[in-house]
Amino acid sequence: MRRARTRYVLFDVDGTLMDAVDNQRQVWRTGANRYGLDADEVHRVALRTRPTETFAQVAADRDPRECLAALHELEDEDVRSGVYAAFDGAAELLHALPPGSWALVTSNYEHRVRGRFRRTGLPMPDLVVDAAAVEEGKPSPVPYLRAAELLGAEPQDCLVIEDAPSGVRSGLRAGMTVWGVNTEDAAEGVHRHFGSLRAAVPHILAFATGANGLLP
């Protein structure tokens with residue numbers, strides 16, 4: 001008898017499992033005010049790019065290493081003192097997934113993710129692919145392909161859960177199934193879209209256990 005293929009679920013973090021929009025906005029606003037920049041413009045750019053790329057656009061005349069160090073300081077302080085909330089269904093979902101079948105793929109750094117997860121009570125997986133693990137961030141396929149490689153998974157056996165267009169493009173370019181959550185409108189290219197993580201929970205679990213038959 002042919003054995004069923006193992007399936008894997010790869011999660012983005014901010015905006016997907018955890019609501020950190022206000023935290024990110026405040027961190028960037030504080031940093032922008034420190035350098036006399038337009039806070040709203042800085043945040044708009046930051047939503048689309050990695051921090052070093054953001055600084056290149058909004059503060060080209062400043063030392064990017066200094067800017068990045070200041071940002072890291074603000075983000076670490078926010079992890080210690082900020083208010084975080086996991087999205088409805090996140091804890092239930094992560095606890096129900098088989099060990100070793102899921103990972104986090106984030107543009108943030110692992111120590112901050114671990115700090116946030118501790119504060120919200122979410123379980124951590126064995127694998128986190130963070131900004132330090134790859135040279136190219138989303139929307140490059142590299143982060144998700146790296147996660148698959150470390151899990152010993154084939155891209156076609158992976159389900160990506162994302163909220164942001166750049167993350168969706170990353171998963172699609174990696175050749176994976178991509179579902180969108182927590183947005184009113186579906187990002188271009190997603191295979192399925194759910195207005196909330198809660199609505200997606202039973203479907204994600206069905207994918208992970210093979211209960212829904214063929215890959216979506």
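## A charged trio

Let's start with the charges: Asp 12, Lys 138 and Glu 162 are tied together in a network of salt bridges. Keep in mind that this is a predicted model. Within that trio, the side chains of Lys 138 and Glu 162 meet at 2.8 Å, N to O. The pair brings together distant parts of the chain, as Lys 138 sits in the loop between strand E5 (128-129) and helix H7 (142-151), while Glu 162 belongs to strand E6, 24 residues apart.

Are Lys 138 and Glu 162 buried or exposed? Both are buried.

## Other salt bridges

The whole structure holds 14 salt bridges. As a general point, side chains of opposite charge can pair when their charged atoms come close. Another example is Arg 146 with Glu 149, whose side chains meet at 3.2 Å, N to O. This pair stays inside helix H7, with the two residues three apart, or about one turn of the helix. Arg 146 counts as partly exposed because its relative accessibility is 31%, which lies between the 20% and 50% cut-offs. Glu 149, at 55%, is over the 50% cut-off and therefore counts as exposed.

Then there's Arg 65 with Asp 63, a salt bridge at 3.5 Å, N to O. Arg 65 has a relative accessible area of 67%, so it is exposed. Asp 63 comes in at 30%, so it is partly exposed.

## Strand E7 and its partners

Now back to the strand that carries Glu 162. Strand E6 (residues 158-162) pairs with E7 in the parallel sense, over four bridges. Which residue in E7 is the bridge partner of Glu 162? That would be Gly 180. Between these strands comes helix H8 (residues 165-173), and E6, H8 and E7 make a right-handed β-α-β unit.

E7 also has a partner in strand E8 (residues 192-193): the two run parallel and are joined by two bridges. Gly 180 turns up again here, with His 193 as its bridge partner in E8. So Gly 180 has a bridge partner in E6, namely Glu 162, and another in E8, namely His 193, by the bridges that DSSP finds.

What about the faces of E7 (residues 177-180)? Thr 177 and Trp 179 point one way, Val 178 and Gly 180 point the other way, and all of them are buried. That fits the usual pattern: in a regular strand the side chains alternate between the two faces of the sheet.

## Cysteines

How many disulfides does a search of the whole structure find? Zero. Two cysteines worth a look are Cys 67 and Cys 158. Cys 67 has a relative accessible area of 2%, so it is buried. Cys 158 is buried too, with a relative accessible area of 0%.

## Cavities

There are three cavities of 30 Å³ or more in the structure. The largest has a volume of about 120 Å³. Its lining is made up of 14 residues, and Trp 28, Gly 31, Ala 32, Tyr 35 and Phe 55 are the ones nearest its centre. Three helices each give two or more residues to that lining: H1 (21-34), H3 (51-58) and H4 (64-81).

Technical notes:
Residues are numbered from 1 along each chain as its sequence is written. This is a predicted model: local features need pLDDT of at least 70, side-chain atom pairs count only at pLDDT 80 or more; totals for chains, interfaces and linings use all residues. Side-chain values use heavy atoms; hydrogens and water are left out. Buried means under 20% relative accessible area, exposed over 50%, partly exposed in between (1.4 Å probe, protein chains only). A crossover is right-handed if, with the strands pointing away from the viewer, the path from the first strand over the helix to the second runs clockwise. A salt bridge is a side-chain nitrogen of Lys or Arg within 4 Å of a carboxyl oxygen of Asp or Glu. A disulfide is a pair of cysteine sulfur atoms within 2.5 Å. On a 1 Å grid over the protein atoms alone, a cavity is a set of points where a 1.4 Å probe fits but cannot get out, and a pocket is an open set with protein on both sides within 12 Å along at least five of seven lines; lining residues have an atom within 4 Å of a point. Grid points are joined across faces, edges and corners, and a volume is the space filled by probe spheres set on the points.
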